[in-house]
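This briefing goes through selected helices, strands and residues of one protein chain. Please read it with the structure open.

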Amino acid sequence: MNPKIAARRHVVVFDCNVYLDVAQLTGEPFTWAQASKIAAQHASSPIPFKAEPAVDSLRTIAVCTSGRLAGEELLEVWTSEHIRATVVYKAMQSAKPDPTTGYRGLGWSQRNAESLADELLAGIVNQSGGGDTGPQFPDGNPPLDHEDGLVFGTCSCLAREDPLCSVYCVTRDRSFIEAHRQGRLPGHTRVLPPDVFLRLVRATRARYAMPRPRV
């Protein structure tokens, strides 16, 4: 590789639901040892893993730990103030459905909820060479609601800062994915569910690993 040419960047923003999937799967408190153990157990499991969709969320985060998509191409995970705060809030929220909204959280202690953000979010950001954009304004709102708009606003910030990078938002929110599929969102970011992103990464790495013909 020519040292004067910067490696191509692929930037990933995980929606809050992906991190919460991982937390629910590993249990309280979160540890990377448990996450790595589960990821290894499902290394050869089918994609998508329909019996437990949270497995795809965990495997999607696991493939980003190297900080490389394939070869010299970078694969960075970025987050924001909003994503971190929402993950902590939802982890602490009662596991019983709210009688008004039907929403529920994980029912974790404040200590373990904050540790989840420190270990999982900050951990994958550091391992992949990514970062935290801090507070952001919403984007794509409407059709997105305010919460999803803030996540998409994080993606928008990253795309503006480096127009040459490829930005991905990985989410399990069907309405978010559908709004992107219908072309109702700005085109700076690809919005994908965990299993589709996981397939994309594995396919790219498989192509890179194939022997190249001699010329």
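Pro143 sits in the loop that runs between β4 (131-132) and α6. The peptide bond leading into it, from Pro142 to Pro143, is cis, with omega near 10°. The model is a predicted one, and the points below cover its cis bonds, helix α4, two further helix pairs and four single residues.

**Cis peptide bonds**

- As described above, the Pro142 to Pro143 bond is cis.
- The bond from Ile47 to Pro48 is also cis, and its omega is near 0°.
- Pro48 belongs to the loop between α2 (32-41) and α3 (54-62).

**Helix α4 and its surroundings**

- Helix α4 covers residues 81-92, which is twelve residues; at 1.5 Å a residue the expected span is 16 Å, and the 17 Å between its end C-alpha atoms agrees with this.
- The buried residues of α4 are His82, Ile83, Thr86, Val87, Val88, Lys90 and Ala91.
- Some of these buried positions are three or four places apart in sequence, as with Ile83 and Val87. In an α-helix there are 3.6 residues a turn, so residues with that spacing point the same way.
- The elements that cover the buried residues of α4 include the strands β1 (9-14) and β3 (73-79), together with the helices α1 (16-26), α5 (110-128) and α6 (146-161).

**The α4/α5 pair**

- Packed helices are described by the angle between their axes and the distance between the axes.
- For α4 and α5, the axes come within 8 Å and cross at roughly 140°. This angle makes α4 oblique to α5, since only angles over 145 degrees count as roughly antiparallel.
- The crossing of α4 and α5 is right-handed.
- On the α4 side, the residues that meet α5 are Ile83, Arg84, Val87, Val88, Ala91 and Met92.
- On the α5 side, they are Gln110, Ala113, Glu114, Leu116, Ala117, Asp118 and Leu121.

**Arg84**

- Arg84 is a residue of helix α4.
- Is Arg84 buried or partly exposed? Its relative accessible area is 31%, so Arg84 counts as partly exposed.
- Beyond its neighbours within four places in sequence, Arg84 is in contact with Thr79, Glu114, Ala117, Asp118 and Leu121.
- Glu178 is 94 residues away from Arg84 in sequence, and their C-alpha atoms are 24 Å apart.

**Other helix pairs**

- The axes of α2 and α3 come within 10 Å of each other and cross at roughly 105°. That crossing makes α2 roughly perpendicular to α3.
- Trp32, Ala35, Ile38 and Ala39 of α2 make this contact with Leu58, Ile61 and Ala62 of α3.
- α3 also packs with helix α8 (residues 194-209): their axes come within 8 Å and cross at roughly 40°.
- The crossing of α3 and α8 is left-handed.
- In this pair, Asp56, Ser57, Arg59 and Thr60 of α3 meet Pro194, Asp195, Phe197, Leu198 and Arg202 of α8.

**Strand residues: Arg9, Trp78 and Ser166**

- Arg9 is placed in strand β1.
- The side chains of Arg9 and Asp162 make a polar contact of 2.8 Å.
- With neighbours within four places in sequence left aside, the contacts of Arg9 are Leu74, Glu76, Trp78, Asp162, Cys165 and Ser166.
- Trp78 is in strand β3 and counts as buried, because its relative accessibility is 17% and the cut-off for buried is under 20%.
- Trp78 has a side-chain polar contact of 3.0 Å with Glu76.
- Not counting residues up to four places away in sequence, Trp78 touches Arg9, Val11, Val12, Val13, Phe14, Gly130, Gly131, Asp132, Thr133 and Leu158.
- Trp78 and Cys155 are 77 residues apart in sequence, while their C-alpha atoms are 8.7 Å apart in space.
- Ser166 lies in strand β5, which covers residues 166-170, and is buried at a relative accessible area of 16%.
- The side chain of Ser166 makes a polar contact of 2.9 Å with the side chain of Arg8.
- Apart from residues up to four places away in sequence, Ser166 touches Arg8, Arg9, His10 and Val11.

Notes
Residues numbered from 1 in each chain as written. Predicted model: local features only at pLDDT ≥ 70, side-chain atom pairs only at ≥ 80, totals over all residues. Heavy atoms only, no water. Helix = DSSP H or I, 4+ residues; strand = E, 2+ residues; numbered from the N terminus. Expected span 1.5 Å × (residues − 1). Buried < 20%, exposed > 50% of the residue type's maximum accessible area, 1.4 Å probe, protein only. Contact = heavy atoms within 4.5 Å. Polar contact = N/O pair within 3.5 Å; in protein donor to acceptor, adjacent residues only side chain to side chain. Axes fitted to C-alpha atoms, helices over the stretch in contact; angles between N-to-C directions. Parallel < 35°, antiparallel > 145°, perpendicular 65-115°, else oblique. Left-handed = near helix turned anticlockwise from the far one by under 90°.
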